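I opened this model to follow the strands, the core and a few individual side chains, and I note below what I looked up in turn.

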Amino acid sequence: MKKIKICGITDIGETECLNEAGVDYAGFVLFCPKSRRNTEIEKAKEIMGYLDPQIQTVAVVVEPSEEQLLEIAEAGFDLVQIHGRILEEVLSQTKIPVLRAFNVSDLSEFSRFEEMEHVAGYVFDAQKPGSGRVFDWTLLKELPQTKKLTFLAGGLDADNVREALAATKVDGVDTSSGVERAGGAGKDPEKIRSFVEAVRNIKE
């Protein structure tokens, strides 16, 4: 069964639908004030307390410092998803497993992270993360096989997620804008249900 990650959680009220829908991962954007989905870490900790314990929590960050990675681990997150450039010595300091995000243009670095034990998996996203735009999924066919966890992100919604999964061999899908209310005003419970249903009904 494909894994489902809903990213950009910002409110306690959004946890009820995540719990009911039975998603696998909930992502929180941290230390990124430019993002409208940015959440203070204390607020994220409060929201996490309302999630079903079976839902794994993911801190989503861009080029984090060692101090921020430590703060994330101490907050109780299960994984940290890292975008942007990151020094290997900083990466090695993480206390929790890492999901390394690739934004299409940097896929050439993929093999470097395959050798790192603390990198548990990858998120393949559009060139501008959070833009809600899809990218050319056939690019992923050029990557070598991996035993690590793989997620597809970038403009996925209930209407295109089946096509996306049919075109790739990823373990799971990741969406944020695809399940938001009009204008990006928080998550839409009905869109989350439709997205989950579309993924769960795929016959493997």
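**Entry 1: two loop residues with positive phi.** I began with phenylalanine 31, which is partly exposed because its relative accessible area is 30%, a value that falls between the 20% limit for buried and the 50% limit for exposed. I keep in mind throughout that this is a predicted model. Phenylalanine 31 sits in the loop between β2 and α2, and its phi is positive, about 55°, although the residue is not a glycine. I then looked up glutamate 63, which lies in the loop between β3 and α3 (66–74) and also has a positive phi, near 45°, without being a glycine. With a relative accessible area of 45%, glutamate 63 counts as partly exposed.

**Entry 2: the overall sheet.** In what order do the eight strands close into a barrel? I read the order as β1-β2-β3-β4-β5-β6-β7-β8, with parallel pairing. On average, neighbouring strands of this sheet are turned by 25° against each other, direction ignored. I also checked what packs on the outside of my first strand, and found that α7 lies across β1 and β8 (172–175), running at about 165° to β1.**Entry 3: strand β2 and its two partners.** I next asked whether strand β2 (residues 25–29) is covered or open, buried or exposed. Five of its five residues are buried, so I note the strand as mostly covered, each of these residues having under 20% relative accessible area. Both faces are covered, with Tyr25, Gly27 and Val29 buried on one side and Ala26 and Phe28 buried on the other.

On one flank I followed the pairing with strand β1 (residues 3–6), which runs parallel to β2 and is joined to it by two bridges. Lysine 5 stands opposite tyrosine 25 in β2, and isoleucine 6 stands opposite alanine 26. Together with helix α1 (residues 15–21), β1 and β2 make a right-handed β-α-β unit.

I then turned to strand β3 (residues 56–62), which pairs with β2 in the parallel sense over five bridges. Here the bridge partner of phenylalanine 28 is alanine 59 in β3. The unit made by β2, helix α2 (residues 41–48) and β3 is again a right-handed β-α-β unit.

**Entry 4: strands β6, β7 and β8.** Further along the chain I looked up strand β6 (residues 119–124), which is joined to strand β7 (residues 149–152) by four bridges, the two running parallel. Glycine 121 stands opposite leucine 149 in β7. Between β7 and β8 I found two bridges, also in a parallel arrangement, and here leucine 152 stands opposite valine 173 in β8. The chain crosses from β7 to β8 through helix α6 (residues 161–167), and this β-α-β crossover is right-handed.

**Entry 5: the nonpolar cores.** Nonpolar side chains tend to be buried together in soluble globular proteins, and I wanted to see how that looks here. Which residues have the most contacts inside the largest nonpolar core? They are Phe28, Phe77 and Phe124, in a core of 57 residues. The largest share of this core, five residues, comes from helix α7 (residues 189–200). There is also a second, separate core of eleven residues, which includes Cys7, Val29, Leu99 and Phe151.

I followed phenylalanine 124 in more detail and, leaving aside its neighbours within four places in sequence, found it in contact with residues including Phe102, Leu107, Phe110, Phe135, Leu140 and Leu143. Its contacts also include Thr150, Phe151, Leu152, Ala153 and Val170.

**Entry 6: histidine 83.** Histidine 83 is found in strand β4 (residues 79–83), and it counts as buried because its relative accessibility is 6%. What polar contact does the side chain of histidine 83 make with glutamine 81? I found one at 2.9 Å, between the two side chains. A second polar contact, of 3.5 Å, joins the side chains of histidine 83 and asparagine 103.

**Entry 7: threonine 94.** Last, I looked up threonine 94, which lies in the loop between α4 (88–91) and β5 (98–102). Although it is a loop residue, threonine 94 counts as buried, at 12% relative accessibility. A polar atom of its side chain lies 2.9 Å from the backbone oxygen of leucine 91. Leaving aside its neighbours within four places in sequence, threonine 94 is in contact with Leu69, Val80 and His118.

How values were computed:
Residues numbered from 1 in each chain as written. Predicted model: local features only at pLDDT ≥ 70, side-chain atom pairs only at ≥ 80, totals over all residues. Heavy atoms only, no water. Buried < 20%, exposed > 50% of the residue type's maximum accessible area, 1.4 Å probe, protein only. Pairing = 2+ DSSP bridges. Right-handed = clockwise from strand over helix to strand, strands pointing away. Core = buried A, V, L, I, M, F, W, Y, C linked by side-chain atoms within 4.5 Å. Contact = heavy atoms within 4.5 Å. Polar contact = N/O pair within 3.5 Å; in protein donor to acceptor, adjacent residues only side chain to side chain. Axes fitted to C-alpha atoms, helices over the stretch in contact; angles between N-to-C directions.
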